[in-house]
Structures are given as structure tokens and as C-alpha cells.
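Dear colleague,

Please find below the structure that I am handing over to you, followed by an account of what was found in it.

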Amino acid sequence: MFCVFLKFSTRKDQAPRLMAEHKRWIDEGFEEGVFLMTGSLSGNQGGLVIAHGTTREVLEERVARDPFVKEDVVRVEIAEFAPNRADGRLQFLVDRA
């Protein structure tokens, strides 16, 4: 499982121009079953994607297709983790790991 941090760069002002394409990229990740959750980072710092069911290499290729990444609107940090405990409502994530 992966946390993908998309932190705004100095080109943050370009985000509105690319937002529709960025949202399509997010939709694709959900439709293909790779993205479990997305959201904004507090303080208008950027966003976060929780991803699973993929390899780091394939995820890196997917992230590289994000218009925000292609246009250097965000800097990317990918952290891989192995869930080993969860609230019962999220146990399916541990079982899949």
C-alpha cells in the first residue's frame, strides 16, 4: 500500500488551469481500483492519494501521468507501507496486504 504526497511547488498558481485534467487522472485511478482515497493536505499544501494493488514502479508511472506532476505544479513523495492493524471497518485492507 502507498501514500502519495503531492505537495505544491512554486508553480501552484497553475493548478486551476490543470484541475479538470487532474480530476480525470484521479477518476481513472479509482475506476481502475488502484486509488482507495484522495484528499487535500491541510493548509492548502497539496494532496494525498492512498493507493494499493500495484507495484511501486507501476504507481510511479501512473503518478508521472498526473497533469500536476507533468507541469511541475506538485512535488511527489511516495511512501510504501504494509498495514498490519486496522479498525474493523478497514480490516479488508490489512487482509489484502
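Thr54 is partly exposed, at a relative accessible area of 22%, where buried stands for under 20%, exposed for over 50% and partly exposed for what lies in between, with a 1.4 Å probe and protein chains only. This is a predicted model, in which local features need pLDDT of at least 70 and side-chain atom pairs count only at pLDDT 80 or more, while totals for chains, interfaces and linings use all residues. Residues are numbered from 1 along each chain as its sequence is written, and side-chain values use heavy atoms, with hydrogens and water left out.

Thr54 lies in the loop that joins β3 to α2; helices (H or I, at least four residues) and strands (E, at least two) are DSSP runs numbered from the N terminus. Setting aside neighbours within four places in sequence, Thr54 is in contact (heavy atoms within 4.5 Å) with Phe2, Val34 and Leu59.

A second loop residue, Lys12, sits between β1 and α1 and is partly exposed, its relative accessible area being 34%. Beyond the neighbours within four places in sequence, Lys12 is in contact with Asn44 and Val73, and its C-alpha lies 9.3 Å from that of Gln45, although 33 residues separate the two in sequence.

Turning to α1, the 17 residues of this helix should span 24 Å at 1.5 Å a residue, and the 23 Å between its end C-alpha atoms agrees with that, the expected span being 1.5 Å times one less than the number of residues. The helix α1 bends by about 35 degrees at Glu21, the bend being the angle between axes fitted to the seven residues ending there and the seven starting there. Its buried residues are Ala15, Leu18, His22, Trp25, Ile26 and Gly29, and what covers them includes β1, β2, α2 (56-64) and α3 (67-70). After α1 comes Gly33, with a positive phi near 75 degrees.

Finally, the largest pocket holds about 280 Å³ of space. A pocket here is an open set of points on a 1 Å grid over the protein atoms alone, where a 1.4 Å probe fits, with protein on both sides within 12 Å along at least five of seven lines, and lining residues have an atom within 4 Å of a point. Of the 17 lining residues, His22, Gly39, Ser40, Gly46 and Gly47 are the closest to the centre of this pocket. At least two lining residues come from each of β1 (2-8), α1 (15-31), β2 (35-41) and β3 (46-51).

With best wishes

Notes: Grid points are joined across faces, edges and corners, and a volume is the space filled by probe spheres set on the points.
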